[in-house]
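Visitor: I would like to learn how to read a helix and a surface patch in a model. Could you take me through it?

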Amino acid sequence: MVSKNRAQRIADRIQEEISEMLIFDIQDPNLSGASVTDVSVDRELAYADIYISSVQGSESAENILNGFQRASGFLRSELARRIDLRTFPQLRFHWDPTPERAEKIEKLLDSLSQPDQPTSEDDLPGSE
């Protein structure tokens, strides 16, 4: 078992490396516009949970997550080559809705600052 600080350093390094691979190494068109928003590694180094977001929004979530699943073998072997660990954690991919929620909140706040525009309940966070 590793310390929380070491697990966080490993998670940060995994995020950096995957982000770099998305730019330079991965040619899958399904993954274009995808970005890694966060990575967490458990203290046993068994699993790395990778949180993904995209400029296309949640409409493309399933397509992007499937693309990452298809590329997981390549990603894991490439990460193991770049990051020196005795055993490399299994990669699990999750959709991160945080950027979309932040955008909805920003729109709501903008509408509050402009009182002449009515707001609809569809713009409220959590009304999906």
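Guide: Happily; we go from the overall fold to one helix and then to the surface. Please keep in mind that this is a predicted model.

Visitor: What pattern does the protein chain follow along the sequence?

Guide: Start with the elements: the protein chain has three helices and three strands, and their pattern reads α-β-β-α-β-α. Of its 128 residues, 34% count as buried. Among contacts with a separation of 6 or more, 60% join residues 24 or more positions apart.

Visitor: How many residues does helix α1 have, and what should they span?

Guide: A helix is expected to span 1.5 Å times one less than its number of residues. Helix α1 (residues 4-24) has 21 residues and should therefore span 30 Å, and its end C-alpha atoms are indeed 30 Å apart.

Visitor: Which residues of α1 are buried?

Guide: Here buried means under 20% relative accessible area. In α1 the buried residues are Ala7, Ile10, Ala11, Ile14, Glu17, Ile18, Met21 and Leu22. They lie on the same side of α1, because their arc around the axis is only 140°. These buried residues pack against β1 (34-41), β2 (47-54) and α2 (61-82). The face turned away from that side carries the exposed Asn5, Arg9, Glu16, Ile23 and Phe24.

Visitor: Which residues form a nonpolar patch on the surface?

Guide: Ile105, Leu109 and Leu112 do, with about 300 Å² of accessible area together. Ile105 sits in helix α3 (residues 98-113).

Visitor: Why does Ile105 count as partly exposed?

Guide: Partly exposed lies between the 20% and 50% cut-offs. Ile105 has 38% relative accessibility, so it counts as partly exposed.

Technical notes:
Residues numbered from 1 in each chain as written. Predicted model: local features only at pLDDT ≥ 70, side-chain atom pairs only at ≥ 80, totals over all residues. Heavy atoms only, no water. Patch = residues over 30% accessible without salt bridge, like charges linked within 9 Å, V, L, I, M, F, W, Y side chains within 5 Å. Areas by Shrake-Rupley, 256 points an atom, 1.4 Å probe, with all protein chains shown as cover. Salt bridge = Lys/Arg side-chain N within 4 Å of Asp/Glu carboxyl O. Helix = DSSP H or I, 4+ residues; strand = E, 2+ residues; numbered from the N terminus. Buried < 20%, exposed > 50% of the residue type's maximum accessible area, 1.4 Å probe, protein only. Contact = heavy atoms within 4.5 Å. Arc of directions from axis to C-beta.
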